[in-house]
2 protein chains.
Amino acid sequence: MARSSTALHGQLLDSALRLFAQHGFRGTSLQTIASDAGCSKASLLYHFSSKEAILTELLTPVGREAAELDARLTDLDGTDAAVTAVTGFVDVALRFRRELKVLFDTLPESRPMAVSGIEGIDDRLVDALAGRSPDPRQRVAAYMALGGMFVTSAADLHVNEELLREEMIRSALRTLGRGSD
Amino acid sequence: MARSSTALHGQLLDSALRLFAQHGFRGTSLQTIASDAGCSKASLLYHFSSKEAILTELLTPVGREAAELDARLTDLDGTDAAVTAVTGFVDVALRFRRELKVLFDTLPESRPMAVSGIEGIDDRLVDALAGRSPDPRQRVAAYMALGGMFVTSAADLHVNEELLREEMIRSALRTLGRGSD
DNA sequence: GTGATCCCTGTCCGATCGGTCAGAACCGAC
DNA sequence: GTCGGTTCTGACCGATCGGACAGGGATCAC
């Protein structure tokens with residue numbers, strides 16, 4: 001027995017991500033994760049100090065990328081801000097589909113933020129998507145686009161990945177009234 | 001004590017809906033609901049045979065309306081189907097904002113369907129939103145529109161209700177490439 | 001009065017949860 | 001060999017979960 005430490009660690013993260021995405025954070029027990037990864041619950045808690053710690057480690061990468069996108073958006077406005085926000089979000093969302101699903105499932109509970117640096121990022125994203133416009137109609141459209149990208153990336157449409165990416169971006173821009181057509 | 005039976009029953013439904021929407025189904029215990037409604041857990045279980053029964057009673061109305069919309073869509077296609085699906089969905093979604101949030105939170109877990117008559121309604125909605133087109137791009141756009149409407153209705157934007165409704169419909173139609181502009 | 005019925009509750013139950021802990025099993029270094 | 005450190009586990013713990021159940025009051029008909 002005794003895999004090379006990091007091996008089981010990664011295996012546990014894999015199992016946890018899949019199970020969290022499928023049954024939610026609350027709906028997945030430590031025992032289930034451990035069994036899926038082929039070890040004991042006690043072994044899981046040797047690698048991770050708590051259930052929350054697993055979540056944090058899972059969501060840290062997407063948190064980092066989100067923060068980067070956030071930073072890129074700060075000094076943009078108008079169409080530039082909207083287009084950058086759309087393409088940036090779609091890219092991140094499609095790269096972290098299951099993570100985003102877990103994040104979405106976890107957000108409503110105002111738990112002590114498992115992933116740092118993304119507090120209020122949703123408001124800033126909506127602001128950028130709206131092209132910094134204070135028009136409430138633009139804000140609603142921005143929310144529609146954001147929600148659409150979120151849900152669509154989390155769902156698994158049986159569609160070619162590149163086509164999905166392109167059409168998500170085109171759709172979102174149409175939603176915002178900034179479509180080229 | 002001893003309220004008129006139906007009074008406590010309704011009070012419990014109120015509390016449950018609010019708490020389910022706020023903390024999720026799993027994240028809300030029977031004790032919490034009972035305390036919020038000002039009675040004992042045993043009393044709650046006198047009015048409802050189980051936790052699942054509360055969920056069913058909460059989601060039945062929105063299930064009925066969804067089924068009606070579903071029926072109205074069957075013999076429509078093209079722009080008619082898309083427009084009817086958008087306006088119908090927005091109307092239902094805004095009338096049952098918290099219920100929809102609970103439904104969304106509850107869906108991922110493949111629990112024995114608490115609300116009947118809506119199996120596979122999402123696929124049929126996407127089909128209608130896509131105007132019955134088999135084009136995968138239209139299907140992606142349909143999913144974007146559906147997700148946008150879903151999330152936007154569940155979120156609470158501080159926006160005038162009628163403006164919200166109008167702009168959600170306009171945004172969704174733009175997403176589908178059927179905007180008037 | 002005395003039942004019968006309805007509403008409500010205190011108390012208990014088994015299951016499951018996240019988490020702890022002492023120690024077994026394995027490892028390379030010596 | 002054996003020693004020290006790392007990896008892993010069975011057994012256990014307190015808390016909380018959804019739910020069962022017997023009985024206490026209140027209200028009615030008679």
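These legends go with a few close-up views of a predicted model.

**View 1. The protein surface around DNA strand D.**
Welcome to the place where protein and DNA strand D come together. There are 17 residues around the strand, and the nearest are Ala42(A), Tyr46(A), His47(A), Lys41(B) and Lys51(B). Sorted by class, the residues of this surface are 7 nonpolar, 7 polar and 3 charged. Looking from the side of the DNA, 61% of the strand D atoms within 4 Å of the protein are part of sugar or phosphate, while the rest are part of bases.

**View 2. Helices that line DNA strand D.**
Here you can pick out α3 (41-47) of chain A and α3 (41-47) of chain B, each of which supplies at least two residues of the surface near DNA strand D. The biggest share comes from α3(A), with 4 residues.

**View 3. Polar atoms that meet DNA strand D.**
Three pairs of atoms are worth finding in this view. In chain A, a backbone N or O atom of Ser40(A) sits 3.1 Å from a phosphate oxygen of DNA strand D. In chain B, a backbone N or O atom of Leu30(B) is 2.9 Å from a phosphate oxygen of the strand. Lys41(B) turns up again here: a polar atom of its side chain lies 2.7 Å from a base oxygen of DNA strand D.

**View 4. Helices α7 and α8 of chain A.**
Now we leave the DNA and look at a pair of packed helices. Two such helices are described by the angle between their axes and the distance between the axes. For α7 (residues 121-129) and α8 (residues 136-154) of chain A, the angle is about 115 degrees and the axes are 8 Å apart. Their crossing is right-handed. On the α7(A) side, Asp122(A), Leu125(A), Val126(A) and Leu129(A) make the contact, meeting Arg139(A), Ala142(A), Tyr143(A), Leu146(A) and Met149(A) of α8(A). This contact has 7 nonpolar residues, 2 charged ones and no polar ones.

**View 5. The buried residues of helix α6 in chain A.**
Along α6 (residues 97-106) of chain A, the buried residues are Arg97(A), Glu99(A), Leu100(A), Val102(A), Leu103(A) and Thr106(A). Their cover includes α1 (6-23), α4 (51-73), α5 (78-95), α8 and α9 (161-175) of chain A.

**View 6. A closer look at Ser15(B).**
Ser15(B) belongs to helix α1 (residues 6-23) of chain B. Ser15(B) counts as buried because its relative accessibility is 0%. Leaving aside residues up to four places away in sequence, Ser15(B) touches Ile33(B), Asp36(B) and Ala37(B).

Terms used
Residues are numbered from 1 along each chain as its sequence is written. Chains are lettered from A and ligands numbered from 1 in the order in which they are written. This is a predicted model: local features need pLDDT of at least 70, side-chain atom pairs count only at pLDDT 80 or more; totals for chains, interfaces and linings use all residues. Side-chain values use heavy atoms; hydrogens and water are left out. A residue is near a molecule or strand if one of its heavy atoms lies within 4 Å of it. A polar contact is a pair of N or O atoms within 3.5 Å; within protein, one must be able to donate a hydrogen and the other to accept it, and residues adjacent in sequence count only if both atoms are side-chain atoms. Ala, Val, Leu, Ile, Met, Phe, Trp, Tyr, Cys and Pro count as nonpolar, Asp, Glu, Lys and Arg as charged, and the others, Gly among them, as polar. Axes are lines fitted to C-alpha atoms, for helices over the stretch in contact, and angles run from 0 to 180 degrees between N-to-C directions. A crossing is left-handed if the near helix is turned anticlockwise from the far one by less than a right angle, and right-handed if clockwise. Contact means heavy atoms within 4.5 Å. Buried means under 20% relative accessible area, exposed over 50%, partly exposed in between (1.4 Å probe, protein chains only).
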